[in-house]
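Please take a look at the structure below. A short briefing follows it.

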Amino acid sequence: MRVISSPRFAEHTPPPGHPERPERAEVFDAVAADWRRRGGEVSEPRAATRDELARVHTPAHLDQIAATAGCAVMLDPDTFTSPESHQIALLAAGAAIEAARHAAHTGEAALAMVRPPGHHASPDRAMGFCLYNNVAVAAAALRALGVARVAIVDIDVHHGNGTQAVFYRDPTVLYVSSHQFPYYPGTGAADETGIGAGVGFTLNVPMAAGATDRDYGRVYETVVLPALDRFRPDVLLVSAGFDAHELDPLGGMRLTTAGYAHLVSLLHGAATRLCGHRVAFITEGGYHLAALRECLDATVQAS
Ligand SMILES: [Zn+2]
């Protein structure tokens, strides 16, 4: 497992009391330090370029976020920048690209531990703590490299409305999301399946609040993994949100650390079976620091 992260992810500082807080980056640092001690490789990300972001986002959106450099701005009621946020968000998207490329080129799994998260950011809008859509930018980078089919599995408790929007018409990128429903951001009903050529390449699995390890295991074994088998991705990307954990202050699910570890191992298994173990995990939510630490440790060690 190649780990990509940076202490700089603590430099994005939403207002005090915000759940997507800099302490989450200290968890990333602790996981990375532990991984290094075990002989694992950890690399620093580079910033994503404007061209890389423009595969997913509109010029107006890129200009709007770039204009926040040096400023503290409220982009929506949940989404804030601090003076460094633009630069740190570029690093987050760059880390996601590097993780995806590493997995694609080597067949070794990768984990990008990044903030701000990305899956609520749509082509033209920051939303839900997210400035740029890291996993979507990574998937688009793989497509630009000539990778024919990319699957994204989103295990965050929230629906990744932004990721869905980016690839809604695109049959080359399968988006599969399991999420609490109804819940923020309101999208992700089962009948949202794509448009035009993209029909059938968005798969939403809305789940009632209170879902357990057993419920999640059943959904992954009977719905998510068969969808991956049918699609036969060349690379698997995982929007690795850990806010479906039972301790999470935002989510209403009851996944334990062991339950999350099981999902991660199922996804590793699918990647081994389908695409030469080309799998990259890119962090999204996860707001209970101890649970986040445990789930990230489990993800790193699952390789
Ligand atoms: Zn979330």
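The notes below cover a metal site, two cysteines and a histidine.

This is a predicted model, in which local features need pLDDT of at least 70, side-chain atom pairs count only at pLDDT 80 or more, and totals for chains, interfaces and linings use all residues. Residues are numbered from 1 along each chain as its sequence is written, and side-chain values use heavy atoms, leaving out hydrogens and water.

**Zinc site**
- Asp156 (OD, twice), His158 (ND1) and Asp243 (OD) are the protein donors of the zinc ion, 2.0 to 2.8 Å from it.
- Donors are N, O and S atoms within 2.8 Å of the metal (3.2 Å for Na, K and Ca); water is not among the atoms, so sites may look incomplete.
- The site is irregular, with angles of 52 to 152° among its four donor atoms.
- Four donors count as tetrahedral if all angles lie between 85 and 135 degrees, and as square planar if opposite donors are over 155 degrees apart and all others between 65 and 115.
- Asp156 sits in the loop between strand S6 and helix H6, and Asp243 in the loop between strand S9 and helix H8, so the pair ties together parts 87 residues apart in sequence.
- Helices (H or I, at least four residues) and strands (E, at least two) are DSSP runs, numbered from the N terminus.
- Asp156 is buried at 1% relative accessible area, and Asp243 at 0%.
- Buried means under 20% (1.4 Å probe, protein chains only).

**Cysteines**
- The disulfide count is zero, a disulfide being a pair of cysteine sulfur atoms within 2.5 Å.
- The sulfur of Cys130 is 18 Å from its closest cysteine sulfur, in Cys295, so it is too far for a bond.

**His86**
- His86 belongs to helix H4 (residues 85-106).

Note on methods. Four donors count as tetrahedral if all angles lie between 85 and 135 degrees; four count as square planar and six as octahedral if opposite donors are over 155 degrees apart and all others between 65 and 115; anything else is irregular. Buried means under 20% relative accessible area, exposed over 50%, partly exposed in between (1.4 Å probe, protein chains only).
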